Amino acid sequence: MRYIARIKGFTLIELLVVMAIIATLLSITVPRYFGSVDHSKEVTLKQSLSVMRDAIDKFYGDTSTYPETLDALVANKYLREVPLDPITDSSSTWQVISPTDEKLSGVYDVKSGASGTAHDGSNYQDW
């Protein structure tokens, strides 16, 4: 008797079914992944703003003056380093707000220099 050698492998139909299942799973998970990355950047931005505002307030409480720059907070050890703006991935895009009182100068508040809107519809620059 003659044995016919059969090559074992997957048929085209089996491969297409597996690829369709993978594509379906990817179409569900990829949008969630990118949504969670954007959400984490927004949470990080809020936390960075809170930490810097707290450091500015502590600097003012200790010295009765506002720091001239954000780097002054680092030099006086109120911050370890100026945090990165997670939206722009840069520490140089922070918008410095001066005090409204003409007698005072320096950094009264800080805002993000990122353009765009958050998931809740507010502008990053308004935080």
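This is a short tour of side-chain features in a predicted model.

## Aromatic pairs

Let's start with the rings. Searching the whole structure turns up 5 aromatic pairs. A pair of aromatic rings is described by the distance of the centres and the angle of the planes. Take Tyr33 and Phe34: their ring centres are 5.2 Å apart and their planes sit at 70°, so this pair is edge-to-face. The cut-off for that label is an angle over 60 degrees.

Tyr66 and Tyr108 make another of these pairs. With centres 5.4 Å apart and planes at 80°, they are edge-to-face too. Tyr66 sits in the loop between α1 (12-63) and α2 (70-75), while Tyr108 is in the loop between β1 (95-97) and β2 (109-111), so the pair ties together parts that are 42 residues apart in sequence. How buried or exposed are the two partners? Tyr66 is buried, at 11% relative accessible area, and Tyr108 is partly exposed, at 42%. Add Tyr60, and ring pairs link Tyr60, Tyr66 and Tyr108 into a cluster.

## A lysine over a ring

Trp127 has a charged partner over its face: Lys46, which lies 5.0 Å from the ring centre.

## Salt bridges

Which side chains meet in salt bridges? The whole structure holds 2 salt bridges. In one of them, Asp109 meets Arg53, with 2.8 Å from N to O. This pair links distant parts of the chain, since Asp109 is in strand β2 and Arg53 is in helix α1, 56 residues apart. Asp109 counts as buried at 17% relative accessibility, whereas Arg53, at 26%, counts as partly exposed.

Lys58 and Asp54 also meet in a salt bridge, at 3.2 Å from N to O. These two are 4 residues apart in helix α1, so about one helical turn separates them. Both ends have some exposure: Lys58 counts as partly exposed at 46% relative accessibility, and Asp54 counts as partly exposed at 36%.

## Inside and outside on helix α1

Now for two more residues of this helix. Ser48 lies in helix α1 and is buried, with a relative accessible area of 10%. Setting aside neighbours within four places in sequence, Ser48 is in contact with Pro83, Leu84 and Trp94.

Met19 lies in helix α1 as well, but it counts as exposed, at 55% relative accessibility. Met19 belongs to a nonpolar surface patch of about 730 Å², made together with Leu12, Ile13, Leu16, Val17, Ile21 and Leu25.

Notes: Residues numbered from 1 in each chain as written. Heavy atoms only, no water. Phe/Tyr/Trp six-rings, centres within 6.5 Å; stacked < 30°, edge-to-face > 60°. Buried < 20%, exposed > 50% of the residue type's maximum accessible area, 1.4 Å probe, protein only. Lys NZ or Arg CZ within 6 Å of the ring centre and 35° of its normal. Contact = heavy atoms within 4.5 Å. Patch = residues over 30% accessible without salt bridge, like charges linked within 9 Å, V, L, I, M, F, W, Y side chains within 5 Å. Areas by Shrake-Rupley, 256 points an atom, 1.4 Å probe, with all protein chains shown as cover. Salt bridge = Lys/Arg side-chain N within 4 Å of Asp/Glu carboxyl O.
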